[in-house]
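Work through the exercises below with the sequence and the 3D structure at hand, and try each task before reading its solution.

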Amino acid sequence: MKSGSAIKTVVVAGAGTMGTSIAQIFAQSGFDVILYNRRQPSLDRAQARISGNLDTAIQEGTSTAEEKAAVLSRMSFTTDINAFAKADYIVEGIAENLEVKHEFFRTISQIISDDIVVTSNTSGLPITSIAEGVKNPERFAGMHFWNPPHLVPLVEIIKGEKTADEAAQIIYDVTNRIHKKPVIVKKDIKGQIGNRLQLAIVREALHILEIGAADVADIDAVMKYSLGFRYACLGPFESLDLGGLDVFDSISKYLFPDLSDAVTDGEMGRLVAQGNLGVKTGRGFYDYSGDRAQKVIEERDANFMKLYQCLYSEK
Ligand SMILES: NC(=O)c1ccc[n+]([C@@H]2O[C@H](COP(=O)([O-])OP(=O)(O)OC[C@H]3O[C@@H](n4cnc5c(N)ncnc54)[C@H](O)[C@@H]3O)[C@@H](O)[C@H]2O)c1
C-alpha cells in the first residue's frame, strides 16, 4: 500500500460544499490536488470559492498573497474521469446516496492504481455498504470532515468490516499531514461519533421548541454561550469528571426519562416540506433573504478562524 509519505497527488471527487474545501486543505498542505466533478460549472464555482476562502484568510492575517498563489498553483480542476489514474490517494465527496457512490466507485476502480488508499467523506452511510462498490475494500475507509472542512479541525476515520489496519494508519498519517485532528471510529456505526452526538442535541433542541419551552434564538444562545463554549475545550467525559460524577449521576436519573426519544423531526421536517432548507434557499429557522446568507457565512468563517487561532494556532 502506498504509505503516507509516498502520497503526492490527491484526487478529490465532487466539487460541492465539502469536496471544494477538502481539495483546498490538501493543496494548503503541499499536496498536488486534482478536483474532479462531472460538470464544469461546479468546478468554476469551486475555484471561485477557494479563491474567496483564501482571500478571507489573508484578510484575517492567517495567510498571504504568496501562499494563496502557491496553493492555487498546486490545484487543477477536471471533468475527465481518467484523472483518477494519477491519484496516490482519493477522497470521495459526491452525493450522499449509496447507489450513486457504488456506481462512482465501480467506475474509478477500473482506472486507479492497485496500491492506493481510497476514502469516502460520507456523513453516515455504512462504510461496509459503500465498500461493496470498491475493488479493494481493505484499502477503503471513511474520512469524515466537518463543514467547513478548511476550518473545522476534526477528521473521523471510519473502519469498515474489511478495512485493513494499515489503510486506517495511512489515513491517520495523511490527516496529520493536513494538520487535522484524526480520530479512529473502530465500529462502522451509522452517523459515526460526531453525527450521533450532534443529532442527539438536534432532537432535544427540536423537542424543547415543540413543547414551547423556548424560542429558536434562545435555544441557539444556550448552546453557544454554555455547551458550545465549554465543548471547544472539554469533551463530555472531561466535563463530567470536572463537574462531579455524583452530581451528573443524580441529574441523569431524573432527566434521562424526560428527554425526547422522538423518531420524527417535527418543525425541521415541516420546514423541509415547505422548501425552506436554510441558507441555501434563503429561509430555514431564520430568514436569509437578500445578502444575509452571504453575511452569515462570512461571519461564521471569521469567527471560526479567530477560534482556531486562539486554540490551535502554532503561529
Ligand atoms: N454538507 C455537509 O455539512 C457535510 C458534512 C460532512 C460530510 N458530508 C458528505 O460529503 C459528501 C458531499 O456532500 P456535499 O454537502 O459537499 O454535497 P454537494 O451537493 O454540495 O456536492 C456534491 C457534488 O458532487 C457532485 N456529484 C454528484 N454525483 C457525482 C458523480 N457521480 N460524479 C462526480 N460528481 C458528482 C455534484 O455535482 C456536486 O457538485 C456527502 O457524502 C455528504 O454526506 C457533507
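**Exercise 1: two loop residues**

Gln 192 is buried, because 21 other C-beta atoms lie within 10 Å; a residue counts as buried if 20 or more other C-beta atoms lie within 10 Å of its own, as exposed if 12 or fewer do, and as partly exposed in between, with C-beta atoms placed from the backbone. This is a predicted model, in which local features need pLDDT of at least 70 and side-chain atom pairs count only at pLDDT 80 or more, while totals for chains, interfaces and linings use all residues. Residues are numbered from 1 along each chain as its sequence is written.

Task: Is His 179 buried or exposed?

Solution: Start with the count, which is 12 C-beta neighbours inside 10 Å, so His 179 counts as exposed. Next, locate both residues: His 179 sits in the loop between helix H6 (165-177) and strand S8 (181-185), and Gln 192 in the loop between S8 and H7, where helices (H or I, at least four residues) and strands (E, at least two) are DSSP runs, numbered from the N terminus. Finally, look at the backbone: although His 179 is not a glycine, its phi is positive, about 60°, and Gln 192, not a glycine either, has a positive phi of about 55°. Most residues other than glycine have a negative phi.

**Exercise 2: two packed helices**

Task: At what angle do helix H7 and helix H11 pack?

Solution: Two packed helices are described by the angle between their axes and the distance between the axes. For H7 (residues 194-210) and H11 (residues 266-273) the angle is about 90° and the axes are 7 Å apart; axes are lines fitted to C-alpha atoms, for helices over the stretch in contact, and angles run from 0 to 180 degrees between N-to-C directions. The two helices are therefore roughly perpendicular to each other, a term for angles of 65 to 115 degrees. At the contact (C-beta atoms, placed from the backbone, within 7 Å), Leu 206, Leu 209 and Glu 210 of H7 meet Gly 266, Glu 267 and Met 268 of H11.

**Exercise 3: a strand and its partner**

Task: Which residue of S2 is the bridge partner of Val 12?

Solution: First find the strands, S1 (residues 9-13) and S2, which pair in the parallel sense over five bridges; pairing requires that DSSP finds at least two bridges between two strands. Within this pairing, Val 12 has Leu 35 as its bridge partner in S2. Lastly, consider the surroundings of S2 (residues 32-36): four of its five residues are buried, so the strand is largely enclosed by the rest of the structure.

Technical notes. Angles under 35 degrees count as roughly parallel, over 145 as roughly antiparallel, 65 to 115 as roughly perpendicular and the rest as oblique. Two residues are in contact if their C-beta atoms, placed from the backbone, lie within 7 Å.
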